[in-house]
Amino acid sequence: MFLGELVFEALRNLARHKLRSFLTALGIIFGVASVMSMMSAGEGARQAILEQINQLGIRNIIVNAKKPPAEQNAEDEGSGFQLAYGITFKDAAQIAETLPFIDSVLPVHDKDRWIWFKSRRVEAKVRAVTDDYLPTLKLFPILGRTLTAEDSLERRRVCVVRRRLLNEARYLGDPLKLRLKVDTDYYQVVGVLPDFEFQSPNKAALGIDDRALEVYIPFDTGIDRMGIETVTSRSGSFEASRVELHQLICTVNTEENVLHAARGIKTILESFHDKKDYEVTVPLELLESRQKTQKVFNIVLPIVAGISLLVGGIGILNIMLATITERTREIGIRRALGATGADITSQFLIETVTLSTVGGLLGLALGGAGVVALRHFTDWDAVVTPESVALSLGISCLTGVAFGLYPARRAAQMDPIEALRHE
Amino acid sequence: MPSPDMRKPILELEGITKSYGTAANPLPVLKGIDLMVRDGEYCAIIGPSGSGKSTLLNIIGALDRPTTGTYRLAGRDVSTMPDDELSRVRNTRIGFVFQSFHLITHLTVLENVEMPLFYARQPKAARRKRCLDLIERVGLGHRPGHLPSELSGGERQRAAVARALAGDPAMILADEPTGNLDSKTSDEIMRLFLDLHAGGTTIVLITHDPEIARVAPRRVLLRDGLVVSDERESTPAKPREPRIVPSEVADVPG
């Protein structure tokens, strides 16, 4: 009860000098706002990385075919009209057979094709994948079934599509009754995948892009019916390319072995490829680099927090010392009427803590606005966590206590007789 | 009314001395004061400047301790108490009325009057009720919510008297209570003190002005740190031209 009245009294005193209180709290406001937005940005980055790693699978190593830079192709131009690059069946076999930690190697072959629905056509990426591919990437159908080993073995002409493809094609009927035409072949839709959203770095790692809609078909069906050579015509001239595999997803048996396996894969690929026509993505490495940033962050954050505490605190200390001089007579009166030294200490300490806490709350509001701005103007998904709010408020309270104690003690130690005489 | 000598002593000073300066070169201000004020007495301590009046006030008010001697207030020895206990004594036993009112300027009359009870940790509701009654009693019933700056000098001093009474103290200690007031309001305040005295409140009034002190039934004269005279009158003089009683003042608009 006594405390409540002191807080109320403190708030009233702050309200009497609004501008002065605001200016005093400014250091705290900016300090808290920066601590909070920093923590939120860090947390956002952490969650993004974790989600990214989670999507890709922590035990997976992804190898993508990459069209080599133009100057490296020069020698091939003469030898034929066909540009051969990318991962080969031999690479896949070598990785699967020689590296001890690899559980499975999943090959993928892609073709960009027009998909026909009656008279409508949609450009899509047709991906020939083995039966393990979709479960490995945690892509489960919302309708129908996924691809099976038998589909591939019997070269069935079936496919699993993304729901967005159906939307693009303006198809409103039962998807499982739909037959898509790819080139000259018809494929029966057996499953529909949800509109999963991959994060942009993951799209690159998995060879997915925004405009292409994927159609997944059994691996052997795809290789048999469409081959591994692609001819594209562009502004009148033909360009032929030969890519055996566009992607390999290697699953390692345990997390500890991922980095060894990654080194093995890189060594094998280096020995088979003269050109840099592949790219290895190791999700676990993302985690490691994330942990490094986290370490830097763990050093920087306390420093920023400490500086803001210091700067905000000195401002408060300064104004409280001035306040105490200004209110010397009030202190004398209160002492004469029976306030103990402890009463005076708590009065001014509470006033300081109230000021810094109000500053902290304003800082939180500013930090919140900063987070909203970050989300709006950058692609950082800053996330406000309860910890960051608690820490920021804790810092502001602590600043009030740390820098309020000295002025409050000084007020309490004033000689009541002198204080009463003070003009 | 029992005879003055039968009532219990409130204020007992025995051989009070107070020296400032260093131990080697002491500067004695009070040189051994003996004084007893009994319950319900109205005692004026008169002293010209330099007589040690303010020093005595600080000691009686438990704001300061004597160098030697004993000071008992309502039976308790105050002269050697630690600071926190002195605060308690000021809070519960003494009601101060100062020359320059000493109201806290940013608090309302009611909040100022409540302050001793606040430090006595009284619950808000009880505090408020008692203080509103007191404000009514000193004739400020119409303006408990005003700030001191919105009151006249006389009204401010009435508020200060109400504040002094709030803790139900053993005595009211008034330091030149009329020093900052014109003669008319001065008389009003003195009349208020007489009313309180008639109601049984113990009052110790410290002043340099024999005119003001004339009102009190007992007058102690202080000179050079010593009590030089102590006179009592069975029928004290009335204040100059007593006209209106405070409760009627309250009804005068403005």
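# Questions about chains A and B

Guide: Let's start in the loop between helix H5 (133-136) and strand E5 (143-144) of chain A, which is where A:Lys138 sits. Helices here are DSSP runs of H or I with at least four residues, strands are runs of E with at least two, and both are numbered from the N terminus. This is a predicted model, in which local features need pLDDT of at least 70 and side-chain atom pairs count only at pLDDT 80 or more, while totals for chains, interfaces and linings use all residues. Residues are numbered from 1 along each chain as its sequence is written, chains are lettered from A and ligands numbered from 1 in the order in which they are written, and side-chain values use heavy atoms, with hydrogens and water left out.

Visitor: Why is A:Lys138 called partly exposed?

Guide: Buried means under 20% relative accessible area, exposed means over 50%, and partly exposed lies in between (1.4 Å probe, protein chains only). A:Lys138 has 44% relative accessibility, so it counts as partly exposed. Its phi is near 55°, a positive value in a residue other than glycine.

Visitor: And what makes A:Arg155 partly exposed?

Guide: Its relative accessibility is 38%, so A:Arg155 gets that label. A:Arg155 belongs to the loop between helix H6 (149-153) and strand E6 (158-162) of chain A, and its phi, near 50°, is positive although the residue is not glycine.

Visitor: Which glycine follows H9(A), and what is its phi?

Guide: That is A:Gly227, with a positive phi near 70°. Helix H9 itself (residues 219-226) has these buried residues: A:Phe219, A:Thr221, A:Gly222, A:Ile223 and A:Met226.

Visitor: Now the packed helices. Why are H10(A) and H11(A) called oblique?

Guide: Helix H10 (residues 258-272) and helix H11 (residues 283-326) of chain A pack at about 120°, with axes 9 Å apart. That angle makes H10(A) oblique to H11(A), because angles under 35 degrees count as roughly parallel, over 145 as roughly antiparallel, 65 to 115 as roughly perpendicular and the rest as oblique. Axes are lines fitted to C-alpha atoms, for helices over the stretch in contact, and angles run from 0 to 180 degrees between N-to-C directions.

Visitor: Is that crossing left-handed or right-handed?

Guide: H10(A) and H11(A) cross in the left-handed sense. A crossing is left-handed if the near helix is turned anticlockwise from the far one by less than a right angle, and right-handed if clockwise. On the H10(A) side, A:Val258, A:Leu259 and A:Lys266 meet A:Leu284, A:Glu285 and A:Glu288 of H11(A); contact means heavy atoms within 4.5 Å.

Visitor: What makes A:Ala305, also in H11 of chain A, count as buried or exposed?

Guide: A:Ala305 has 12% relative accessibility, so it counts as buried. Beyond neighbours within four places in sequence, A:Ala305 is in contact with A:Val35 and A:Ile395. Another residue of helix H11 of chain A is A:Gln291, which at 44% relative accessibility counts as partly exposed. The C-alpha atoms of A:Gln291 and A:Arg46 are 9.1 Å apart, with their positions 245 residues apart along the chain.

Visitor: Why are H12(A) and H13(A) oblique?

Guide: The axes of helix H12 (residues 328-336) and helix H13 (residues 341-377) of chain A come within 10 Å and cross at roughly 140°. H12(A) and H13(A) are therefore oblique, and their crossing is right-handed.

Visitor: How do you know what to call H4(B) and H5(B)?

Guide: Helix H4 (residues 124-137) and helix H5 (residues 153-166) of chain B cross at roughly 140°, their axes coming within 9 Å. They are therefore oblique to each other, in a right-handed crossing. B:Arg130, B:Cys131, B:Leu134 and B:Ile135 of H4(B) meet B:Ala162, B:Leu165 and B:Ala166 of H5(B).

Visitor: What makes B:Cys131 buried?

Guide: Its relative accessibility is 0%, so B:Cys131 counts as buried. A:Cys159 is also buried because its value is 0%.

Visitor: How many disulfides does the structure hold?

Guide: Zero, over all chains, where a disulfide is a pair of cysteine sulfur atoms within 2.5 Å.

Visitor: What is the secondary structure of chain B?

Guide: Chain B has eight helices and ten strands. Buried residues make up 52% of its 254 residues.
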